[in-house]
Amino acid sequence: MPDRFVVAAACASVDILADNLSRSPLLRNGIRLHEEWNAPSAARAYNRALDATTAPVVIFAHQDVYFPAGWERLLAARIAEVEARDPGWGLIGVFGVGLDGAHIGPVWSSSLGMIVGRVPMAPVPVQSFDEMVIVLNRASGLRFDETLPGWHMYGTDIVTQARARGLGAWAVGLPCIHNDRFHEALGPDYVECYRAVQRKWAARLPLLTPITKISRSGLHLRRDLWRARQSAGFRAGMAVGTEMAAEDLARRCGWLDLGATA
């Protein structure tokens, strides 16, 4: 199993990485962590990671993600479930937006103070991913689009790439901890990424992301920017901070050994 998987992360904080992703038990079980530091965009970081590694399955993860014990064994089981339906699958995610708009995948979010996403009983095809964890089948030939700016929407873009090529993109039951910080508002960088994906996939719109709807008019973006500003105080009250150790969060979620459920 160590040779089958590699974890790749775009890193910008030594402390956040050390407190979360680097503590994940799977890294003590022989699975390698490939770090890309201070890249200009997520696409650049992740394509560099693809070029620098050889494992058949690449687990792209944010530096503030923690994988509970047994996660890699559960991933292997989930891949087998996907392959039974879709032998040439392209992508698997821990949290995605189904074709019906449902949010799929159990993930603890510190910024929301809860477990979010439905627990799927079987793999669910999706139209976008949250970028916290994206699992890529190297044999699919998929790569991230380096013409896209910044650090948003690349989960939607690569899922749309996969679907345009007839490759499956699936959300599955892979619990993990996203020990993220409270985000007060969506900034200009988010708008720039929205516009880039809006232009690129104009013929395939609308597309639902975990945050907003990418539409031809862009009215949904303006609405959601306004809602984010109006709800900042409420959302700040939901966030629980990131002081609790990632292992303790996994324990409180009941995710002590995910491999036992594989």
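These legends go with several close-up views of a predicted model.

**View 1. A β-α-β unit built from strand β1, helix α1 and strand β2.** Let us start with strand β1, which covers residues 5-11, and strand β2, which covers residues 32-37. The two strands pair in the parallel sense, over 6 bridges. To find your place in the pairing, look for A10, whose bridge partner in β2 is E36. Helix α1 spans residues 14-19, and together with β1 and β2 it makes a right-handed unit.

**View 2. A76 in helix α3.** The helix in this view runs over residues 71-85. A76 is buried, with a relative accessible area of 15%. Have a look at R4 as well: A76 and R4 are 72 residues apart in sequence, yet their C-alpha atoms are 9.5 Å apart in space.

**View 3. An open sheet of 4 strands.** Here the strand order is β4-β13-β8-β9, and the pairing is mixed. The edge strands, each pairing on one side only, are β4 (65-66) and β9 (114-116). Further in, strand β8 (residues 107-109) and strand β13 (residues 176-178) run parallel and are joined by 3 bridges. A handy pair to pick out is V107 with its bridge partner in β13, C176. As a reminder, strands of a sheet pair through backbone hydrogen bonds, either parallel or antiparallel.

**View 4. Helix α5 and the elements it packs against.** Helix α5 is made of 13 residues, numbered 188-200. From its first C-alpha to its last it reaches 18 Å, close to the 18 Å expected at 1.5 Å a residue. The buried residues of the helix are Y190, C193, Y194, A196, V197 and Q198. These buried residues pack against β15 (213-214) and α6 (219-230).

**View 5. Cysteines without a disulfide partner, including C11 and C253.** The structure holds 0 disulfides. For C11, the nearest cysteine sulfur is that of C176, 16 Å away. C11 itself is buried, with a relative accessible area of 3%. C253 also has C176 as the closest cysteine by sulfur position, but the 10.0 Å between the sulfurs is too far for a bond. C253 counts as buried too, because its relative accessibility of 19% is under the 20% cut-off.

**View 6. Salt bridges between helix α2 and the loop between β11 and α4.** The structure has 9 salt bridges, and this view shows two that link distant parts of the chain. In one of them, E146 pairs with R44, the closest N and O atoms being 3.2 Å apart. E146 lies in the loop between β11 (133-137) and α4 (154-164), while R44 sits in helix α2 (residues 42-52), 102 residues apart. E146 is partly exposed at 35% relative accessibility, and R44 is partly exposed at 35% as well. In the other pair, R143 meets D51, with the closest N and O atoms 2.9 Å apart. R143 belongs to the loop between β11 and α4 and D51 to helix α2, with their positions 92 residues apart in the chain. R143 is partly exposed at 34%, whereas D51 counts as exposed at 57%.

**View 7. D224 with R223, and a network of salt bridges elsewhere.** D224 forms a salt bridge with R223, and the closest N and O atoms are 3.1 Å apart. Within this pair, D224 is buried at 10% relative accessible area, while R223 is partly exposed at 35%. Finally, look for D145, D157 and K200, which are linked in a network of salt bridges.

Conventions
Residues are numbered from 1 along each chain as its sequence is written. This is a predicted model: local features need pLDDT of at least 70, side-chain atom pairs count only at pLDDT 80 or more; totals for chains, interfaces and linings use all residues. Side-chain values use heavy atoms; hydrogens and water are left out. Two strands pair if DSSP finds at least two bridges between them. A crossover is right-handed if, with the strands pointing away from the viewer, the path from the first strand over the helix to the second runs clockwise. Buried means under 20% relative accessible area, exposed over 50%, partly exposed in between (1.4 Å probe, protein chains only). The expected span of a helix is 1.5 Å times one less than its number of residues. Contact means heavy atoms within 4.5 Å. A disulfide is a pair of cysteine sulfur atoms within 2.5 Å. A salt bridge is a side-chain nitrogen of Lys or Arg within 4 Å of a carboxyl oxygen of Asp or Glu.
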